[in-house]
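Welcome! Please take a look at the structure below, and then let us walk through it together, one region at a time.

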Amino acid sequence: MKAELNEQALLKGLAENDTKAIETIYKNNFNMVQSFIINNNGTYDDARDIFQEAMIALYEKAKSESFVLTSKINTYVYSICRRLWLKRLQQMGRFVLQTDSLEETVQIEDDLEMHEKRNAEFTIMERALNSLGEPCKSLLEGFYLKKLDMQELAKAFGYTNADNAKNQKYKCLTRLKKLFFTQYNIGE
Amino acid sequence: MEDILLIQAIERYLDGSMLPDEKAYFEQLRKNSPEIDQMVVEHSMFLNQLNALADRQHFKQTLHQTHQKLVNEGVIDEGTIVQTQSKIVSLWHKYKRVTAIAASVAGAIAIITSAIFSYFSPAVNANQIQQLSKDIEVIKRNQQVQGNIINEVKSKLPENARLISGGTGFLIDPKGYLITNAHVLRGSGAIVVNNKGQEFTASIVNIDPKVDLAILKINDKDYKPLKYIPYNIAKNSGDLGEEIFTLGYPRNEIVYTQGYLSAKTGFDGDTLSTQIQMSAYPGNSGGPVLNKKGEVIGILSTRQTHADGITFAIQSKNIYHLVNHLNDSDTASGFSKIKLPARSYIMNNSREEQVKKMEDCVFLVKAYNN
């Protein structure tokens, strides 16, 4: 019971971006995943990639309102990593999984699908941002992604006042929106 | 421009910074105009998307930092490269002194070993070449077998003397000068025995370990000088394929062996000697190598250990060098100059006659220590 409460607390911390909670989950799960990937034709970099991808999936799941985790954190993380690595191996054309799941796994197909959809959306957004060109890209990134103050941004970019910068920002945003939605709708 | 104003309004509406009047007006506008309503929904979704992206980028950053931190703390092992390096470094720090001591000890041992090795090893490769002098054990055994114990008792060996090696020697001057190998004379003195078993005391007149030759002088009143020496000493080293023979004492009895000249140089290209094909045994050392004309072309000295019948003889011209050197220096008092035999008397004889005439001139040399 206590362990379960602990896990709930960890997930709550994770959703709130608490460094301590993230570190604990990382510490408790990384080595298991790493040995799994190393034992199955992976490198240390692969292990890191896959594990962090799983962490992102867990994080975004923890943040969603409908969040319920029906299994233990390590089972969930392991299942996701396993699935992701299998997929990566298939893409690389060498499907040789040596450990035939002695570990407990859970159904994570739906979660993964969600995660991949989100990944695709982010890719579209990033691509749209990249094709904006400067200074639009940096301006929008500064305001919307890094949450910087408009005054500071105006100063950093050399606008005479914040209003001008704001105007410029809206122009850029309109362009970005157009780029994003064209891509997005094609994608769908 | 209008678009921008609209977006501005929508953003303000979404983040709740509109005044209540303004908000009510805007909501009314949304209801009446589906286009504006659509724009609001769209923009809201878009902003959510941007925020989510911002969130994810931030989270990725956190993950990255966490990973780095855990690697630094050693919780995560990023492969053996980092580990091995640190392991080796720590091992090195730990065993630096031991390693230094071990290295110097090893160095010292290496130097000492090579010093000992170079000091004790003979000039020629000892493993591949075997000197053909006999050691005492062999001699003793043969003596016992042949029942020569009585002779041994009456031996001219000094009392308490220990025989250490044996070989062959042959006369080069009827006055009693013999030539043999330097390596045969390992002890402090020597006696010579003729083919009839008669012993004579002898002294070493000259010895040259470099060419491996020595000259002995029989100084025994029992010795009766021969009238002449039937063979002569050749100044050239003979021709390849030439038939040769030798007489020697691999046993306590004189033994005849024959073979042919197979190379003009000795072991490893040694120009002082020649290679002959002939089976030779310990005790043959110092024996004369003669061609069919009865000329001494060499002095049997060594054989190759791992090859059958490959024997080496010192070229006879070295006898001239040695004798000339001795005659010129003329140090010893009462030393009469050595006169080397000038011609062969057995040139046209059959081999049996040659051997018969030679037998008296070939002696068994025994070196002893006292």
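## Before we start

Two strands are said to pair if DSSP finds at least two bridges between them. With that in mind, we can look at a facing couple of residues: Val193(B) lies across from Glu199(B), which belongs to strand S6 of chain B. Please keep in mind that this is a predicted model.

## Chain B at a glance

Chain B has 370 residues, and 31% of them are buried. Its secondary structure consists of 15 strands and eight helices. How do the contacts spread along the sequence? Taking contacts in chain B between residues at least 6 apart in sequence, 68% join residues at least 24 apart.

## Strand S5 and its two neighbours

Strand S5 of chain B covers residues 189-193, and S6(B) covers residues 199-208. The two pair in the antiparallel sense, over four bridges. Besides the couple we met above, Ala190(B) faces Ala202(B) of S6(B). Five residues lie between the strands of this hairpin, and in it Gly197(B) has a positive phi near 90°.

S5(B) is also joined to S15(B), by five bridges, and these strands run antiparallel as well. Here Val192(B) sits opposite Val365(B) of S15(B). Is S5(B) largely enclosed or exposed? Four of its five residues are buried, so S5(B) is largely enclosed by the rest of the structure.

## On to the next hairpin

Following S6(B) onward brings us to strand S7 of chain B, residues 213-218. S6(B) and S7(B) run antiparallel and are joined by six bridges. One bridge links Asp208(B) with its partner Leu213(B) in S7(B). In this hairpin, four residues lie between the strands, and Asp212(B) takes a positive phi near 65°.

## Inside the nonpolar cores

In soluble globular proteins, nonpolar side chains tend to be buried together. In this model, the largest nonpolar core holds 57 residues, and the members touching the most others are Leu178(B), Val192(B) and Val289(B). Strand S15 of chain B, residues 362-369, gives the most to this core, with six residues.

Which residues does Leu178(B) touch? Leaving aside residues up to four places away in sequence, its contacts include Phe170(B), Ile172(B), Val192(B), Leu216(B) and Phe363(B). There is also a second, separate core of 28 residues, with Leu14(A), Ile37(A), Leu58(A) and Ile73(A) among them.

## A 40-residue helix

Helix H3 of chain B runs over residues 34-73, which makes 40 residues. How far apart should its ends be? At 1.5 Å a residue, H3(B) should span 58 Å, and the end C-alpha atoms are indeed 58 Å apart, so the two values agree.

Within H3(B), the buried residues include Val40(B), Leu50(B), Leu63(B) and Thr66(B). Just past the helix comes Gly74(B), with a positive phi of about 85°.

## Where the two chains meet

How many residues does each chain bring to the contact? Chain A brings 27 residues and chain B brings 21 residues. On the side of chain A that touches chain B, helices H2, H3, H5, H6 and H8 of chain A each supply at least two residues. By class, that side of chain A has 14 nonpolar, six polar and seven charged residues.

Technical notes. Residues are numbered from 1 along each chain as its sequence is written. Chains are lettered from A and ligands numbered from 1 in the order in which they are written. This is a predicted model: local features need pLDDT of at least 70, side-chain atom pairs count only at pLDDT 80 or more; totals for chains, interfaces and linings use all residues. Two residues are in contact if their C-beta atoms, placed from the backbone, lie within 7 Å. Ala, Val, Leu, Ile, Met, Phe, Trp, Tyr, Cys and Pro count as nonpolar, Asp, Glu, Lys and Arg as charged, and the others, Gly among them, as polar. A residue is buried if 20 or more other C-beta atoms lie within 10 Å of its own, exposed if 12 or fewer, and partly exposed in between; C-beta atoms are placed from the backbone. A nonpolar core is a set of buried Ala, Val, Leu, Ile, Met, Phe, Trp, Tyr and Cys residues joined through C-beta atoms within 7 Å. The expected span of a helix is 1.5 Å times one less than its number of residues.
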